[in-house]
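Please open the model in your viewer and keep the sequence alongside it, since each stop on this tour begins with a selection and then describes what is found there.

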Amino acid sequence: GPYVGGADGLPRDEYLKAVGGFDLKAAFPDLNPRFHHFRADPLDAGRVWFTSQASGTDSGSGFLGGKPTGKAFSTPPQACSLKFDASGLAVKYTI
């Protein structure tokens, strides 16, 4: 499916371990996620949608152990969302 770790995702500790090795800011010091167009979901209470169109340059420590290439990137627009519980705690992040 389109979910990391299955439809229910990974347990918190497993998720943090899986993504802990990705130091994107070290590899792409000018990384800019360019979040914009925030909107409340009218059909799903507590969910906020937004758009990201990231850009950056591989000019830092190198990505995934590789040497820096100096190449810049820019992603196409991506729909993302955050789901909040009644206390305001973010409980789900989709990208």
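How many buried residues are there among the six residues of β1? Select that strand, residues 35-40, and colour by relative accessible area: the count of buried residues is zero, and β1 is hardly covered. Please keep in mind throughout that this is a predicted model.

**The whole chain**

Zoom out and show the chain as a cartoon, in which two helices and six strands can be traced, following the pattern α-α-β-β-β-β-β-β along the sequence. Along the principal axes, the C-alpha atoms fill a box of roughly 45 × 30 × 25 Å. The radius of gyration is 16 Å, whereas a compact globule of 95 residues would have a value near 12 Å. If you switch to a surface representation, the accessible area comes to about 6,900 Å², and 61% of this belongs to carbon and sulfur atoms. Of the 95 residues, 18% count as buried. Among contacts with a separation of 6 or more, 43% are accounted for by residues 24 or more positions apart.

**The hairpin of β1 and β2**

Now add β2, residues 47-52, to the selection of β1, and display the backbone of both strands. They pair in the antiparallel sense over four bridges. Two pairs of residues help to follow the register: Phe35 has Ser52 as its bridge partner in β2, and Arg39 has Trp49. Then move to the turn, where six residues lie between the strands of this hairpin and Gly46 takes a positive phi near 90°.

**From β2 to β5**

Keep β2 on display and bring in β5, residues 78-84. These two strands run antiparallel and are joined by six bridges, and one pair to centre on is Val48 with its bridge partner Leu82 in β5. With both pairings in view, β2 can be followed to β1 through four bridges and to β5 through six.

Select Thr51 next, which lies in strand β2. Is this residue buried or exposed? Thr51 has a relative accessible area of 11%, and it is therefore counted as buried. To see what surrounds Thr51, leave aside its neighbours within four places in sequence and show its contacts, which are Arg34, Phe35, His36, His37, Arg39, Pro77 and Gln78. Phe35 and Arg39 in this list have already appeared on the tour, as bridge partners of Ser52 and Trp49.

**The salt bridges around Asp44**

Where should one look for salt bridges? A search of the whole structure finds two, and both can be shown by selecting the side chains of Asp44, Arg47 and Lys83, which salt bridges with shared partners join into one network. Begin with Arg47 and Asp44, whose closest N and O atoms are 3.5 Å apart. Arg47 is buried, with a relative accessible area of 17%, while Asp44 is partly exposed at 23%.

Then turn to Lys83, whose side chain meets that of Asp44 in a salt bridge at 2.5 Å, N to O. This pair links distant parts of the chain, since Lys83 belongs to strand β5 and Asp44 to the loop between β1 and β2, 39 residues apart. Lys83 counts as partly exposed because its relative accessibility is 21%, and the cut-off for buried is under 20%.

**The nonpolar patch**

For the last stop, return to the surface and select Tyr15, Leu16, Val19, Phe22, Leu24, Phe63 and Leu64, which together make a nonpolar patch of about 620 Å². Which element supplies the largest share of this patch? Helix α1, residues 12-19, does so with three residues. Finish by centring on Tyr15, which has its place in helix α1 and, at 38% relative accessibility, counts as partly exposed.

Notes:
Residues numbered from 1 in each chain as written. Predicted model: local features only at pLDDT ≥ 70, side-chain atom pairs only at ≥ 80, totals over all residues. Heavy atoms only, no water. Salt bridge = Lys/Arg side-chain N within 4 Å of Asp/Glu carboxyl O. Buried < 20%, exposed > 50% of the residue type's maximum accessible area, 1.4 Å probe, protein only. Pairing = 2+ DSSP bridges. Patch = residues over 30% accessible without salt bridge, like charges linked within 9 Å, V, L, I, M, F, W, Y side chains within 5 Å. Areas by Shrake-Rupley, 256 points an atom, 1.4 Å probe, with all protein chains shown as cover. Rg over C-alpha atoms; globule rule 2.2 N^0.38 Å. Contact = heavy atoms within 4.5 Å.
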